[in-house]
Amino acid sequence: MKKFVIGERMRIALLASSALLLAVSCFFLYRNARPKTVTEEERLYTYTISANMGYSVRLTANDLFPEGSLPENRLYPARLTDAFICSVSAEYAATAPAAISGHYTTEVVVQGYQTISNQRQVVYEKRFPVGSGEIAEDEASSLKLTGDVEADFAAYKAVADNAMSLIGSSVRNEMQVVFSGSFSAETQHGSVTVPFSQALAIPLSGDIFSITRQAAFSKGDSIKRAYQSTVPPSASAWLPYVLMAALAASGLAALLKLSRPPLPAEYQLRAFRGIVKKHGSRMIKLQELPPKPWGRKVILADIDSLVKLSDDMQKPICYALEENGLPSEDMLFLQDGDVRYIFIMEIWRPEPLTQAALSGEAGTAPEANTTLVP
C-alpha cells in the first residue's frame, strides 16, 4: 500500500495532536453521556396574600360640594375636611385546605418630620390605635379580613398643632392611617406566617392637600419539597464529542497506516535536491565520473566554498548520479586543469532504495510507491 512520507517532526506532531484530540473527546463524551443527577422542587402548598385600602373624604356641610364627600385621587380643601372614611381588606388564598387564622390592627400615626439630604428625619411621632379584628377557620383554602376606619381630621390636626407649639419650631406634619396584620396557616406540610401592611399618608398642613396611598400589597409563595432526580443526557450533549472522537481516531489510524517517516536515503536525497535547486544553474550532470587518477585534489569544507570557486573561475560544478539518484561517491567537484576541487557530502551512505531505483534525475521520487513531502 502506498504510504506518504512525512517529516519525522511533522509526523510526531500530527500523531500527538490526533491522540490529544481523541483523549479530550473521550473525556467530554464520558462526562456528557452519563445521566445527570439534578435537584428539583415540588410545590406542595401554594398561597397568596393581598391587602388593600380604599378611602373617601367626608366634608362639612357646604354649598360647593352638596354630595358631602369626595372620592379617591382628588385635591381636598383642608377647611372643609371633616373625616377620612377608610375601608380595609386583606385576603389569604391557597391551593389546599388548612387551618387558617388572620388578625389586623388599624391605627393613626401623627408625625412631624424634616427632609435632610433627601432623607426623612422624624422629629416626633404619636400613635393612636383605632381598631382591630381577627378571624380563624379550621379547614379552609381562603380567608378574608375586612373593616372600616374613621379618622377625624380636626382632632389629629390639633395633635400636630400642639406638638409644634411644644417644640417651638415649624416642621412638616402628617397623619398616616395604617392597616397591618398577618395571616397564619397550619398545613400538613408545615406552618406559614406572612405579615402585611398598608398606609394612607395625609398632610396636616396646607390649605389644599392630596392623599398618598401605597400600592396594593400582594405576596405569593409556596412550601416546597426538594428531591433528586436522574435526567438522561440529550443527544446534543454528547453527539458532537462522538463526531470529534471518530474524526480524531480516523486521523490517528490514517497517520499510522498510510504515512511513514523518511528513510535515511530519502533524507540524503532531499539534502542533495536542495543543493541542486539552489545552485543548479552552476551545475552539470555527467554520465559518469572521469576515470582516475584525477590529479591533485583539494577538499573543500562546504558547498558555499565550491560555489564561490565556480563563480570566480567561471567553471561548472560537476557530478554524476548513481542509480539511487545520489551523487557518485557523494562528491561534487570543479575541475581546473589538473586540480580538482571537491566537496564531499558528509552524509551517511544510504542503503539502496527498494523496488524501483531512482531514474537518476534530481527530483525523481525515491520509490514507485513513495511520495516525498517537503
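Is Glu-41 buried or exposed? In this predicted model, Glu-41 is exposed, having a relative accessible area of 54%, and its side chain takes part in a salt bridge with Lys-224. The count of salt bridges comes to 11, and the points below describe several of these pairs, together with the long helix span and burial of α1.

**Helix α1**

- Helix α1 covers residues 8-33, and its 26 residues, at 1.5 Å a residue, should span 38 Å, which agrees with the 37 Å that separates its end C-alpha atoms.
- The buried residues of this helix are Arg-11, Leu-15, Ser-18, Ser-25 and Asn-32, and what covers them includes α3 (235-258) and β12 (259-260).

**Salt bridges between distant parts of the chain**

- Glu-41 and Lys-224 meet through their side chains in a salt bridge, with a distance of 3.8 Å from N to O.
- Because Glu-41 lies in strand β2 (residues 36-59) and Lys-224 in strand β11 (residues 217-231), this pair ties together parts that are 183 residues apart in sequence.
- Whereas Glu-41 is exposed at 54% relative accessible area, its partner Lys-224 counts as partly exposed, with a relative accessibility of 38%.
- A salt bridge also joins Glu-72 and Arg-213, whose closest N and O atoms are 3.0 Å apart.
- This second pair links distant parts of the chain, 141 residues apart, since Glu-72 sits in the loop between β3 (69-70) and β4 (76-77) and Arg-213 belongs to strand β10 (residues 212-213).
- Glu-72 counts as partly exposed at 24% relative accessibility, and Arg-213 is likewise partly exposed, with a relative accessible area of 33%.

**A salt bridge within helix α2**

- The side chains of Lys-157 and Asp-161 form a salt bridge, the N to O distance being 3.6 Å.
- Both residues belong to helix α2 (residues 153-167), and because they are four residues apart in that helix, about one helical turn separates Lys-157 from Asp-161.
- Lys-157 counts as partly exposed, with 27% relative accessibility, and Asp-161 is partly exposed as well, its relative accessible area being 36%.

**A salt-bridge network**

- Arg-58, Asp-82 and Glu-150 are linked to one another in a network of salt bridges.

Notes:
Residues numbered from 1 in each chain as written. Predicted model: local features only at pLDDT ≥ 70, side-chain atom pairs only at ≥ 80, totals over all residues. Heavy atoms only, no water. Helix = DSSP H or I, 4+ residues; strand = E, 2+ residues; numbered from the N terminus. Expected span 1.5 Å × (residues − 1). Buried < 20%, exposed > 50% of the residue type's maximum accessible area, 1.4 Å probe, protein only. Contact = heavy atoms within 4.5 Å. Salt bridge = Lys/Arg side-chain N within 4 Å of Asp/Glu carboxyl O.
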